[in-house]
4 protein chains.
Amino acid sequence: MNKLEEKLIKWRRDFHRYPETGFLEMRTASIVASILEDLGFQLQVGKQVMDPDYCMGKPGEEETEAHYKWALEHGANKDYIEHFSEGYTGIVATMDSGKEGPTIAFRVDMDALDIHESEADNHVPKKEGFRSTLPNKMHACAHDGHTTIGLGLATLISEKKNSLKGKVKLIFQPAEEGTRGARSMAEAKVVDDVDYFIATHLGTGVPDRHFVASNNGFLATTKLDVTFKGEASHAGGKPEEGRNALLAAASAALNIYAVPRHSEGSTRINVGELHAGSGRNIIADRASLKVETRGENSEINEYVKSQVEAVIAGSAQMYKVDYEIKTVGEGVSSRGSKELAEILRACAEESSYIEKSILEDNSPAGSEDATFFMEHVKQNGGQATYCIFGTELAAGHHNEKFDINEETLQTAVNVLFNSIGKLKE
Amino acid sequence: MNKLEEKLIKWRRDFHRYPETGFLEMRTASIVASILEDLGFQLQVGKQVMDPDYCMGKPGEEETEAHYKWALEHGANKDYIEHFSEGYTGIVATMDSGKEGPTIAFRVDMDALDIHESEADNHVPKKEGFRSTLPNKMHACAHDGHTTIGLGLATLISEKKNSLKGKVKLIFQPAEEGTRGARSMAEAKVVDDVDYFIATHLGTGVPDRHFVASNNGFLATTKLDVTFKGEASHAGGKPEEGRNALLAAASAALNIYAVPRHSEGSTRINVGELHAGSGRNIIADRASLKVETRGENSEINEYVKSQVEAVIAGSAQMYKVDYEIKTVGEGVSSRGSKELAEILRACAEESSYIEKSILEDNSPAGSEDATFFMEHVKQNGGQATYCIFGTELAAGHHNEKFDINEETLQTAVNVLFNSIGKLKE
Amino acid sequence: MNKLEEKLIKWRRDFHRYPETGFLEMRTASIVASILEDLGFQLQVGKQVMDPDYCMGKPGEEETEAHYKWALEHGANKDYIEHFSEGYTGIVATMDSGKEGPTIAFRVDMDALDIHESEADNHVPKKEGFRSTLPNKMHACAHDGHTTIGLGLATLISEKKNSLKGKVKLIFQPAEEGTRGARSMAEAKVVDDVDYFIATHLGTGVPDRHFVASNNGFLATTKLDVTFKGEASHAGGKPEEGRNALLAAASAALNIYAVPRHSEGSTRINVGELHAGSGRNIIADRASLKVETRGENSEINEYVKSQVEAVIAGSAQMYKVDYEIKTVGEGVSSRGSKELAEILRACAEESSYIEKSILEDNSPAGSEDATFFMEHVKQNGGQATYCIFGTELAAGHHNEKFDINEETLQTAVNVLFNSIGKLKE
Amino acid sequence: MNKLEEKLIKWRRDFHRYPETGFLEMRTASIVASILEDLGFQLQVGKQVMDPDYCMGKPGEEETEAHYKWALEHGANKDYIEHFSEGYTGIVATMDSGKEGPTIAFRVDMDALDIHESEADNHVPKKEGFRSTLPNKMHACAHDGHTTIGLGLATLISEKKNSLKGKVKLIFQPAEEGTRGARSMAEAKVVDDVDYFIATHLGTGVPDRHFVASNNGFLATTKLDVTFKGEASHAGGKPEEGRNALLAAASAALNIYAVPRHSEGSTRINVGELHAGSGRNIIADRASLKVETRGENSEINEYVKSQVEAVIAGSAQMYKVDYEIKTVGEGVSSRGSKELAEILRACAEESSYIEKSILEDNSPAGSEDATFFMEHVKQNGGQATYCIFGTELAAGHHNEKFDINEETLQTAVNVLFNSIGKLKE
């Protein structure tokens, strides 16, 4: 194991022990920022690279402040954490060669999930001592690995900066889970000058030692938080005086699932949570839903969303209750640029670790907000792709026993670094 | 069996054989009118005694014309049927003594039901040869008996007209079923001059030889016809292009039943019919509901109705379909006048046939639109009541084996006739 | 203000400051037990007077232990609290005269509610410094007053014990809210020897200085906790692998409200809470409902309950999920004994404070589990009633601004004490 | 216009004037049989070629007899109609060359739809005098054209029978609409000896002068008729005695639409019709649904169907009603044989009329039961395909203004006939 590989594993395990969820990646960002500056990158952080109007589903002040205190006490870098104390935890790190050449951006994400990590003895992070230190928080989607890949890439770029042409931008994005963070960075124009944009992910069902140069199947998605507000009354004494938010929500949930299929492409709908009422004998005056729509492309997703909105409005009217719909996450669909994908595949095929590489995968699967960066880049005439490094998974993504094969980290760093040399203006 | 009793049975069986539903009682009304005029009553008929604006759920022209032809061919009195050919089948027959005295009104109803009469051999009308001559039409609520009582009463009044004081008005009402006909006669002011108003009914669960002088428990009611209009599309080919009226109707039905109870009195709700769609593989563009609300008093019924309307509007909005709500029947609640009830009870107690008489029954039960007459009379300072002659029933009201004990007819005629003499201005 | 009245107010305000919810009334019970023993009563406590099989909706061990610690630190009587540490907080205190005579029982309840008491300056408990010391806990249904009345009654009995005949039993019941505690005491046979049973309540809409000797309108009720257990799956990736507990619960809620009215009496149904799901993009595998049924009598309530159970079973089947229904509260209907009510009314009429006394109130209202005691007593040939002392309320029961007129406490003590002398075997 | 083309148009317009729906194609079949026998084909008809156990959604005896009378009076061939009088209207006509060679089968369908044909003056069938002679019946899916193509093909085969090798079987199938008729013929083994099977259709969105040699996108489908049977009761008088079939059906409809999407392929669900109840004031004791499921392959369709069945069972349980599910139509998915498709495309490319030919179309669209024949043939080692002749449509399939370009008929006959010569064993 060479020295960089040792560092990669050390970083990854440190991030793994201190998982931070979306817009709270303060400890992570402070450490990342400190390393990047040491490596000679120029940094832009926080609101410089995030438009607050497009931060979706950001935690409230109280939670943000509490987390800030926690981060301070748990190893955050004190020289940098102030920049991230309000929860704007994005970083763009630029290495400008001063020479002519293309602007190339790589994007990694940093956030963890609200999952309680397995305590089983055969779970590697437990056995090796880097299990999450927090209950109900876990890196179960490899973003700890992605952040690490970003730092590894930065290290190689810094070492070889003399041979660099053009510029490289490393984007460390908050809040990918729930597709909440990318749009705010894209709207802050951080990729408007980018010629080549490469987002990357580990795993996602791609086998170990396999590589997908362009994953095109992301579904467009919208995440909605819905609240109904009615009027409480005593269910035995004055049932007629209530306005029943629980029934409005139940009716909405049922009818949301009944939104029609679309003939032009796949759709998905889910009401993942419903919470209503405050007591058995009280007509419920409050109810909330967490809803998610998806479509094979952005138009189809818009169709589903508009039907969902009609159902919610109708349910509220039925029970004479008020309602509010808040968009707390959004992802679009996007196709990768074939030319760029071919270059990436060529780099992957040079890797001794990778046994099989695929140019394009178009099968529908999940959602991602890196697509916002991709669409911005493509609209400005650049090329963009979303590539996947297969890895051996101990269990599926978002599972409490999720774990990766750490060997993949070094491979990903090498392949991505090698692509830089092959990309010409 | 005296001569009047023979007539009563003959009349009743004739009406029983030719049942006519609401606003189509043309054959019945033509025969009634002819008899009444022969007995010396002055007649007002059709639109003279019915305000068309308040006729609810009246059949369309085509059905009305077709029935007119049927009536002509099946024993209607040709000298009178023209008056009723448009379906305004109400009659008010007045006997004015010319002497001072109170104006007393009796109300009977004439319409039958859409029920197929039993063909069982032990069903008396079948055995005795007076079963309905029409499929799916039947006098299963004793209105054939009520009409007969009206004619019997007219006969006695005519015979004894010299001893009469004041005026007697006999009201023959169409379309009591569905509470559709009374309001149009009340709005035509036919009881505005009435001092004493007596409506009557046979059966309704009151045992044979029992009498209830004032039945107060009628629930206020509203009958609504609801239609949803969406947009058809091929369910396999273009599901997203449909606007689903069937789902709007299904959702409305479910949520209508979920309208809350009321703490101040009984309520009832029913969606008796739902019809939607025109083909298995087509998104349904049409749906209809037949809805009925009831409340222990008119305010409570209004509450239920307003909730139902909200549910319908909300269901339509959910599925982006249009809707229409039509009121096709209405009944109010009304309490009988105690003083008048006491006089009636006294008359009943003089009858050798009646074994038990009750002044008031306040338990909630069914709906009636005679209450519109009662409320009009009471608002003008008169007295009103709704009395019930118990009878032995072969089966419950609206059952295909319904039948009465015909002996009750003569008793009812006598008791009602005797009340006339006891009512003073 | 006499000395007893001072004590009553002091007790009531102390209980008010330290509200304890059902089966956690440890501090309250320890203080009550200490006072009663000082007054010369013989005590039976805990499982001696409560059958654990019939304790419904009792908190789990963890919560019970945590509350025990809290009680120890907040003024519980340390000599008595051990008896109540497991949450069996009932007390039966007996004063046996040794002379022949009837056994008379009085029942009061001790539990508080999960309500956050008003912090408004015009709220008397706030102004006078006896507002609840706990967030989200409050005596908002006068049980602090009832416990106080029990202690006042004990004081008078103790003072006049020489003139006592027969036995007096004072029953201090836990967990009346949710109708959870009485049945366990009734099943433990604490009233099987009772000749006269009197339960009492303050307020409930009866005006200040009014008295109702027999409140008969309690609806029979059942409280059900329902859980659905399905199977989670990723809503985007594998929607077909989920078994959706949220939809089962939503469908159950809607159809529960659609359970028909009953022609023989009032009913009530409520789904007061619905909680389902653990993440927006996961098919929900868990859902829970808090349901409540009521009926004008126990048969009607059973009808409603059986319909609700069918709806729940059907909803589970629809979505291929498992379900469990737990009865966590129960109350029956019961009519008071007229003879006993008349004696109580006579006592009330002797009170200078009470201006109007009513023998019976039959109008339907709320539910109570004192009815279990009443039915046990009546089945054993005894007499029972539930009487109400009207009082001026600052706001309705279960409202955050609820407060009573403390003058009523002394009046209630006097009237109840006087009844003892009038009850003969 | 050559003589055959004249005949084709004459036949097609005759069939168009006398549309007959599924299992009632008696007039059509009698004429077809007569022509085929005249042309020298050997006929098998009725139950010889249809297994009654697999006839789905066949009309009842009464309707079948009535239609038989109608057919007799409206131009049926009296020598042949007896064979079809019970509604088994399938025909297999064989021309055996006596020489060695492959067995080639062509399948056409004969049934019409329950649609009222447009009476607009610009509707060609109206203008040209061949509009449907029946209200609410119409050839709106070109099956009149398909039957005609079958007869044209028979004519050419007969003319050129000396050059024929092997056998040709012409299959005239009843009841393709609703996917009800093919399975009964396939189960009767009519294609078990077939080497090449070709089904054909006009239109379906393929442009005029275009040809698709293999249409693979048919969705597997199941058609279900569902009935619920509860118990009626008077909605005002005894609501608790009803068992509400309308609510069971409404709840089923809503929850059927909520059946999840499938990650492995498209699905469709429709409840096209819901009919419930017999009167406004009666708790509905009967309800029926017409349901249709589809899936991109047969496994996916089975999944959807099993979910639908669970919903129906659960809905019935909710309302304590009985239910019955009847399968009244079925289609499987099937892919065409590429080799056969290539031969057909070659024939199409030789046609001067066809401008563009496509080998395969895999996009999902509608359902067909010719797939049963295809799967049988392929399982026996034969080849099968479903080809489409584009044509200019006046309006979409199943639209009241549907009409084809009659020129396509001759083209289709020629291309199909030419394929015979190219198919070797």
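## A mostly covered helix

Let's start with helix α11 of chain A: twelve of its 16 residues are buried, leaving the helix mostly covered. Keep in mind that this is a predicted model. The buried residues of α11(A) include a run of names you can follow along the chain: Thr408(A), Leu409(A), Gln410(A), Thr411(A) and Ala412(A). Phe417(A), Ser419(A) and Ile420(A) are also among them.

How far apart are the end C-alpha atoms of this helix? They are 24 Å apart, which agrees with the 22 Å that the 16 residues, 407–422, should span at 1.5 Å a residue.

## Two domains in chain A

Chain A has a domain 1 made of two stretches, 3–218 and 334–422, and a domain 2 that covers 220–331. Taken over C-alpha atoms, the centres of these two domains of chain A are 34 Å apart.

Where the domains of chain A touch, twelve residues of domain 1 are in contact with ten residues of domain 2. On the domain 1 side of that contact, three residues are nonpolar, five are polar and four are charged.

## How chains C and D are related

Now for a pair of copies. A turn of 180° with a shift of 0.0 Å along the axis lays chain D on chain C, with an RMSD of 0.1 Å. That is the relation of a two-fold axis. In chain D, the C-alpha nearest this axis belongs to Gly314(D), at 2.0 Å from it.

Why can we say that the copies meet through the same surface? Because 100% of the interface residues of chain D are interface residues in chain C as well.

Definitions and conventions. Residues numbered from 1 in each chain as written. Chains lettered and ligands numbered in written order. Predicted model: local features only at pLDDT ≥ 70, side-chain atom pairs only at ≥ 80, totals over all residues. Least-squares fit on C-alpha atoms with pLDDT ≥ 70 in both. Contact = placed C-beta atoms within 7 Å. Domains from an automatic or database assignment. Nonpolar A, V, L, I, M, F, W, Y, C, P; charged D, E, K, R; others polar. Helix = DSSP H or I, 4+ residues; strand = E, 2+ residues; numbered from the N terminus. Expected span 1.5 Å × (residues − 1). Buried ≥ 20, exposed ≤ 12 C-beta atoms within 10 Å, placed from the backbone.
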